[in-house]
Amino acid sequence: MPRNYNGLSFKLPRIACGAVALLLLLACTTTAVAQSSNDRIRRRTGSDTGKITDMSALAVTISKSGVESDVPVEDIRSIRFAGEPSELNSARSAIRRGRFDDAVATLDKVNRDQVDRREVVQELDYLQLEARAKLALSGQGGLDSAIRLATDFLAKHRNSYHVSSAIELLGDLHLIDGDQDEARRQYTKLAKAPAPYFQARSAILTGRLLQQAGKHDEALAKFDQALEAAQGSPAAESQRLEATLHRAISQSASGDVDEATATVKQIIVEADVEDTDLLATAYNALGDCYLQSDRPKAARDAFLHVDVLFSSAADQHAKALYELSRLWEALGQRQRARDAKDRLQNEYPTSQWAKR
């Protein structure tokens with residue numbers, strides 16, 4: 001499907017069509033789900049409908065026709081609870097689209113006095129945390145207040161299925177705040193969970209921290225550790241892809257650009273259509289590879305994919321705008337360079353990319 005952008009024509013990847021189809025499907029099913037008296041767990045593949053009878057940081061128990069089963073946290077994409085305020089699903093949708101400010105505004109409308117189910121209170125608190133934390137991570141909100149929200153959530157809701165996500169957010173917030181030691185301490189906590197998914201996730205996050213510090217040899221060792229942990233685990237497939245991608249980024253930074261470029265292209269082909277963060281990171285990584293290969297036009301096109309298709313991945317979008325502002329200038333397109341820089345400053349005013 002060709003698409004024109006700023007006078008350029010390029011082909012949208014298959015994920016764009018998949019995303020559109022998914023949105024249409026969700027739009028068609030929203031009313032039916034909202035009227036349901038059952039809880040619904042949306043898994044990585046398929047879904048379960050019934051009554052949630054128990055929840056922990058590792059699994060959610062759902063009863064279907066009197067038969068209980070445990071759904072591992074790493075297999076859960078989202079949960080809609082029977083009787084939850086309609087604002088919660090609107091906020092989930094806004095967060096998926098990167099509209100974190102809209103999510104906060106929507107959640108602020110919820111009358112907490114009418115929310116008495118423990119799991120729904122946890123969900124409301126987590127969505128508030130996720131929206132505000134991601135605003136802060138993209139340079140649009142206060143880091144200190146987001147860190148307090150994450151800390152409070154973990155203290156109050158130790159049995160929430162969102163515990164692992166909250167730990168990761170807290171680590172990310174400390175990292176952006178310049179406290180690498182505390183970020184690493186949070187990431188290491190995830191490795192205490194027995195599932196291969198979390199073993200791999202912990203290694204990836206620690207590897208990314210080392211990568212940002214320019215310690216690529218140490219980062220490569222962590223990504224290899226993640227790949228070993230994810231091996232043979234279908235639930236950890238997303239972690240295998242992410243570890244492979246970040247390994248390629250460190251490879252490229254270490255000078256092995258051709259192999260890294262080929263690997264990143266393969267990741268783009270294999271990635272889940274819904275994993276916009278991974279895909280945005282992959283296209284930015286591809287742009288970086290092309291820059292190292294002195295291919296500015298190819299790099300521009302890679303970063304444009306992030307701008308056009310994956311702007312919901314806020315930090316990666318900010319990076320893409322930063323790179324585009326420089327590339328357009330180098331390619332003699334000064335107005336487009338100014339436009340990209342203005343958008344970066346307006347949309348992500350306190351991000352690391354706007355400060356460069």
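Contact here means heavy atoms within 4.5 Å. The legends below describe close-up views of a predicted model.

**Figure 1. Surroundings of Leu-344 and the nonpolar cores.** Leaving out residues up to four places away in sequence, Leu-344 touches Ala-318, Leu-321, Tyr-322, Pro-349, Ser-351, Trp-353 and Ala-354. Leu-344 belongs to the largest nonpolar core, which has 45 residues. Within this core, the residues with the most contacts are Ile-41, Ile-52, Val-60, Ile-79 and Leu-344. Another core, of 32 residues, lies apart from the largest one. Among the members of that other core are Ala-282, Ala-285, Leu-286 and Val-306.

**Figure 2. The open five-stranded sheet.** Its strands follow the order E6-E5-E4-E3-E7, and their pairing is antiparallel. Strands E6 (67-72) and E7 occupy the edges with a single partner strand each, so one side of each is left without a neighbour in the sheet. From one strand to the next, the twist averages 45°.

**Figure 3. Strand E7 and its partner, strand E3.** Strand E3 (residues 39-43) is joined to E7 by four bridges, and the two run antiparallel. Across this pairing, Arg-40 stands opposite Arg-80 of E7. Strand E7, formed by residues 76-80, is mostly covered, as four of its five residues are buried. Ile-79 is one of the residues with the most contacts inside the largest nonpolar core.

**Figure 4. Antiparallel pairing of strand E5 with strands E4 and E6.** Strand E4 (residues 47-55) runs antiparallel to strand E5 (residues 59-64), to which four bridges join it. In this pairing, Met-55 has Val-60 of E5 as its bridge partner. Val-60 is also listed, together with Ile-52, among the residues with the most contacts in the largest nonpolar core. Strands E5 and E6 likewise pair in the antiparallel sense, over six bridges. There, Ala-59 is bridged to Pro-72 in E6.

**Figure 5. Ser-65 in the hairpin of E5 and E6.** Two residues lie between the strands of this hairpin. Ser-65 is placed in the loop between E5 and E6. Its phi is near 55°, a positive value in a residue other than glycine. Most residues other than glycine have a negative phi. Ser-65 has a relative accessible area of 81% and is therefore exposed, the cut-off being over 50%.

**Figure 6. Helix H9 and its buried face.** Helix H9 (residues 216-230) has 15 residues and reaches 21 Å from its first C-alpha to its last, close to the 21 Å expected at 1.5 Å a residue. Its buried residues are His-216, Ala-219, Leu-220, Phe-223, Ala-226 and Ala-230. Seen down the axis of H9, these residues fall within an arc of 115°, so they line one face of the helix. Helix H8 (196-212) and helix H10 (237-253) are included in what covers them. On the other side of H9, Asp-217 and Glu-228 are exposed. After the helix comes Gly-232, whose phi is positive, near 80°.

**Figure 7. The environment of His-246 in helix H10.** His-246 counts as buried because its relative accessibility is 8%, which is under the 20% limit. Apart from neighbours within four places in sequence, His-246 is in contact with Arg-208, Gln-211, Phe-223 and Thr-281. One of these residues, Phe-223, is a buried residue of H9.

**Figure 8. Helix H13 and the loop between H12 and H13.** Asp-294 is placed in the loop between helix H12 (276-292) and H13. Although Asp-294 is not a glycine, its phi is positive, at about 60°. With 67% relative accessibility, Asp-294 counts as exposed. Asp-307 lies in helix H13 (residues 296-309) and, at 7% relative accessibility, counts as buried. Asp-307 and Ala-340 are 33 residues apart along the chain, and their C-alpha atoms are separated by 9.7 Å.

**Figure 9. The chain as the setting of the close-up views.** Its secondary structure comes to 15 helices and seven strands. Of the 356 residues in the chain, 50% are buried. Among contacts between residues at least 6 apart in sequence, 54% join residues at least 24 apart.

Methods: Residues numbered from 1 in each chain as written. Predicted model: local features only at pLDDT ≥ 70, side-chain atom pairs only at ≥ 80, totals over all residues. Heavy atoms only, no water. Buried < 20%, exposed > 50% of the residue type's maximum accessible area, 1.4 Å probe, protein only. Pairing = 2+ DSSP bridges. Core = buried A, V, L, I, M, F, W, Y, C linked by side-chain atoms within 4.5 Å. Axes fitted to C-alpha atoms, helices over the stretch in contact; angles between N-to-C directions. Expected span 1.5 Å × (residues − 1). Arc of directions from axis to C-beta.
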